[in-house]
Amino acid sequence: MPAYEYVCSKCGSKEIRITGINDHKVFCDQCDGEMFRHVDPESLLASYATSQVNAR
Ligand SMILES: [Zn+2]
């Protein structure tokens with residue numbers, strides 16, 4: 001299963017969580033705030049490059 005880095009919207013703490021197919025909401029262990037998936041800039045670039053190739 002894939003592991004993603006999540007960032008808390010309240011306190012900013014980062015955690016690696018393993019997620020299943022369904023993208024469940026993730027809550028912070030520290031403050032119980034909602035956490036959002038932290039997107040790796042490198043993977044963003046890679047998907048951009050891939051979409052450019054596919055567009056041609
Ligand atoms: Zn937090």
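The hairpin of β3 and β4 has six residues between its strands, and Asp-32 takes a positive phi near 70 degrees there. Strands (E, at least two residues) and helices (H or I, at least four) are DSSP runs, numbered from the N terminus. The model is predicted: local features need pLDDT of at least 70, side-chain atom pairs need pLDDT 80 or more, and totals for chains, interfaces and linings use all residues. Residue numbers start from 1 along each chain as its sequence is written, and side-chain values use heavy atoms, without hydrogens or water.

Asp-32 sits in the loop between β3 and β4. Most residues other than glycine have a negative phi. Asp-32 is not a glycine, yet its phi is positive, at about 70 degrees. Asp-32 counts as exposed because its relative accessibility is 58%. The classes are buried under 20% relative accessible area, exposed over 50%, and partly exposed in between (1.4 Å probe, protein chains only).

The strands that flank this loop run antiparallel and are joined by two bridges. Two strands pair if DSSP finds at least two bridges between them. One contact point of this kind places Phe-27 opposite Glu-34 in β4.

The wider fold is described next. The protein contains one helix and four strands. Along the sequence, these elements follow the pattern β-β-β-β-α. The four strands form an open sheet in the order β2-β1-β4-β3. Pairing in this sheet is antiparallel. Its edges are β2 (14-18) and β3 (26-27), each of which pairs on one side only. Buried residues account for 18% of the 56 residues in the protein.

Strand β1 has bridges to two neighbours, β2 and β4. Five bridges link β1 to β2, and this pair runs antiparallel. Ala-3 has Ile-18 of β2 as its bridge partner. Glu-5 is bridged to Ile-16, also in β2. The hairpin of β1 and β2 has five residues between the strands. Within this hairpin, Gly-12 adopts a positive phi near 80 degrees.

On the β4 side, three bridges connect β1 (residues 3-8) with β4 (residues 34-37). These strands are likewise antiparallel. Tyr-6 faces Arg-37 in β4. Val-7 is bridged to Phe-36, and Cys-8 is bridged to Met-35.

Arg-37 belongs to strand β4. Arg-37 is classed as partly exposed because its relative accessible area is 35%. Arg-37 also lies over the face of Tyr-4, at 3.7 Å from the ring centre. A charge sits over a ring if CZ of Arg or NZ of Lys is within 6 Å of the ring centre and within 35 degrees of the ring normal. Arg-37 and Glu-5 are 32 residues apart along the chain. Their C-alpha atoms are separated by 5.9 Å.

The metal site completes the description. A zinc ion is coordinated by the SG atoms of Cys-8, Cys-11, Cys-28 and Cys-31. The coordination distances are 2.3 to 2.4 Å. Donors are N, O and S atoms within 2.8 Å of the metal (3.2 Å for Na, K and Ca). The angles subtended by the four donor atoms are 99 to 117 degrees, so the arrangement is tetrahedral. That label requires all angles to lie between 85 and 135 degrees. In sequence, the donor residues are spaced C-x2-C-x16-C-x2-C.

Two of the zinc donors fall in separate accessibility classes. Cys-28 is buried because its relative accessible area is 2%. Cys-31 is partly exposed because its value is 29%. Another donor, Cys-8, coordinates zinc through SG and has Met-35 of β4 as its bridge partner.

Technical notes:
Tetrahedral: all angles 85-135°; square planar, octahedral: opposite > 155°, others 65-115°.
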